[in-house]
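Trainee: Please take one part of this model and look at it closely. After that, connect it to other parts, and give the cut-offs for the terms as you go.

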Amino acid sequence: MSTESPGEGAAADPGPLPASALIVLHPDDNIAVARFALPAGARIARSHGPTLQVLAPIEAGHKVALRAIGRGELVLKYGQPIGLASAPIEPGAHVHGHNLEMAEVMPPRAAAQAADAAAAVMPVDSAATFEGYRRADGRVGTRNYIGVIASVNCSATVCKAIAQVFQGPALPAGVDGVVAITHGSGCGMSAEGDGLVLLQRTLRGYAAHPNFAAVLLVGLGCEVNQIEPLVQALPAATRERLRLLTIQEAGGTREAVEQGQALVRELAEQAGLARRSTVPMSALVVGLQCGGSDGYSGISANPALGAAVDLLVRHGGTALLSETPEIHGAEHLLTARAASPEVARRLLDRLQWWEQYAARHGARLDNNPSPGNKAGGITTILEKSLGAVAKGGGSPLNDVIEYAEPVRARGLVFMDTPGYDPVSATGQVAGGATLICFTTGRGSTYGCKPTPSLKLATTTALFERMRLDMDFNAGGIVDGTQTVAEAGQALFELMRETASGRRTLSEEHGLGDNEFVPWQLGAVM
């Protein structure tokens, strides 16, 4: 029998904590999210139910059981299943990979049609505007770059050598820069099939992008991805602002670099004549991304972005939701508000393709959360997907398009892409995204050219720790100082300012030259 006096050899009683220490997202949830780190033994007063005692230390953003959960019972977050209890879970216990497992608990894939989807979008009294660059094809850019695009990896070094001399004073006022768009493909591939089709669609999307005033296409000369067929499929208005160069016809690398630089100087003079003008927000296309997600992503930054998207849609603008493997298990939330059964069916078809694709490579979509996601409090793909879908707000889903396809509808559109952020964002930019909004809980620093990328922090702690990388703090939602609607309104205004020329932090630091990563399909031969 111990003779220690009370308190000896034990941690001091941390004292009672307010109910606000826990974030309960839905009345049906049997778990809550820790607003901040909870020490073992902490007692939390609850407005409904008995006081909860924390059984073990729980990190910020991680889950704690609100009541006893039996083995095999559904664990609910956002009012939706995120998995099954793999062991009995006591009230106050940490809920994570040691006692929560992914299982076949996803809702059935019924291609439901939203009831009167058009009525879900409330019109605005006064349409918002931004200052953008009107292009000859009618689209509007948010930046005024010149692109030097490689048709094949063999011309990548020449593209970079052409672009690197155009810095600062070497460019006319009003030209944001010269960007080398290079990649690791373009040859050693079949002249027919998905691989070449996908690469060409992506390159055409960049060549026609409204954030490029003009583009120089550079090839080697003997590659599978020939420049002429690439250009012929582009509209006449786009071809007028293109210049073509092949290294073999130029006489070699040095000659190609000299000729390329001369062509870019001519293009820069023309680009310098472009001026911003007032345009409606309906001309803005925003790509939605999340990376380095944590337990707060689906609570703060993603819902805040969703609220901003709903505002954008009300003003007639377009938002691209993507990362198909990361809506796995939450697709019913999108099909339920699809504008038509056909739109819903196309989304389900893409998910089915991904399941088959993963199976062919010995993988499963339910094994998606990364080590960083798990360290931040996310346990299963269902939990991750439910939070990721929140980026799309509550607007009707008006269209589903394939990777790098041009956007053809306004409002909320889904583009089929991998979950890997650079590949996904590359497809969105190729499709016409003129602004990227990127939510992060762990601290992703994704920059992007020619499309500016806003980084949205899930917590105030992350925002303060990475002040030189994070453009927006959604942590006020977690802190309780800001509502989702208030954060969404503030983010909408930041999107408007950025589209009008306000530089993102990644632009301030010169980031974004190496993030062109097209999705590669097919055999490398």
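Mentor: Ile149 stands opposite Leu217 in strand 15. The pairing belongs to strand 13 (residues 145-150) and strand 15, which run in the parallel sense over six bridges. Helices (H or I, at least four residues) and strands (E, at least two) are DSSP runs, numbered from the N terminus. Two strands pair if DSSP finds at least two bridges between them. In general, the strands of a sheet pair through backbone hydrogen bonds, either parallel or antiparallel.

Before going on, note that this is a predicted model, in which local features need pLDDT of at least 70 and side-chain atom pairs count only at pLDDT 80 or more, while totals for chains, interfaces and linings use all residues. Residues are numbered from 1 along each chain as its sequence is written, and side-chain values use heavy atoms, with hydrogens and water left out.

Strand 15 also pairs with strand 16 (residues 242-246), in parallel, and five bridges join them. Here Val218 is placed opposite Leu245 of strand 16. Strand 15 covers residues 212-219, and eight of its eight residues are buried, so the rest of the structure largely encloses it. Buried means under 20% relative accessible area, exposed means over 50%, and partly exposed is in between (1.4 Å probe, protein chains only).

Strand 22 can be read in the same manner. Six of the six residues of strand 22 are buried, so this strand too is largely enclosed by the rest of the structure. Its side chains fall into two sets: Leu435, Cys437 and Thr439 point one way, Ile436, Phe438 and Thr440 point the other way, and all are buried. Strand 22 (residues 435-440) is joined by five bridges to strand 18 (residues 285-290), and these two run parallel. Within that pairing, Val286 stands opposite Leu435, and Cys290 has Thr439 as its bridge partner. Strand 22 also runs parallel to strand 23 (residues 453-457), again with five bridges. Thr439 appears here as well, opposite Leu456 in strand 23.

These strands belong to an open sheet of seven strands with parallel pairing, in the order 20-21-19-18-22-23-24. At its edges are strand 20 (397-401) and strand 24 (472-473); each has a single partner strand, so one side of each has no neighbour in the sheet.

For antiparallel pairing, turn to the open sheet of four strands with the order 2-3-6-9. Strand 2 (22-23) and strand 9 (94-95) are its edge strands, and each pairs on one side only. Strand 2 runs antiparallel to strand 3 (residues 31-34), and two bridges join them. One residue pair there is Leu22 and its bridge partner Ala34, in strand 3.

Past strand 9, His96 lies in the loop that leads to strand 10 (100-101). Its relative accessibility is 14%, which is why His96 counts as buried. His62 is 34 residues away from His96 along the chain, yet their C-alpha atoms are separated by 7.7 Å. Contact means heavy atoms within 4.5 Å. Leaving aside neighbours within four places in sequence, His96 is in contact with His62, Lys63, Lys374, Gly377, Ile378 and Thr379.

Helices come last. Helix 7 (residues 301-314) packs against helix 15 (residues 484-499) at an angle of about 60°, and their axes are 7 Å apart. Helix 7 is therefore oblique to helix 15. Axes are lines fitted to C-alpha atoms, for helices over the stretch in contact, and angles run from 0 to 180 degrees between N-to-C directions. Angles under 35 degrees count as roughly parallel, over 145 as roughly antiparallel, 65 to 115 as roughly perpendicular, and the rest as oblique. The crossing of helix 7 over helix 15 is right-handed. A crossing is left-handed if the near helix is turned anticlockwise from the far one by less than a right angle, and right-handed if clockwise. On the helix 7 side the contact includes Pro303, Ala304 and Leu305, and on the helix 15 side Phe492 and Met495 are among the residues met. By class, this contact has twelve nonpolar, two polar and no charged residues. Ala, Val, Leu, Ile, Met, Phe, Trp, Tyr, Cys and Pro count as nonpolar, Asp, Glu, Lys and Arg as charged, and the others, Gly among them, as polar.
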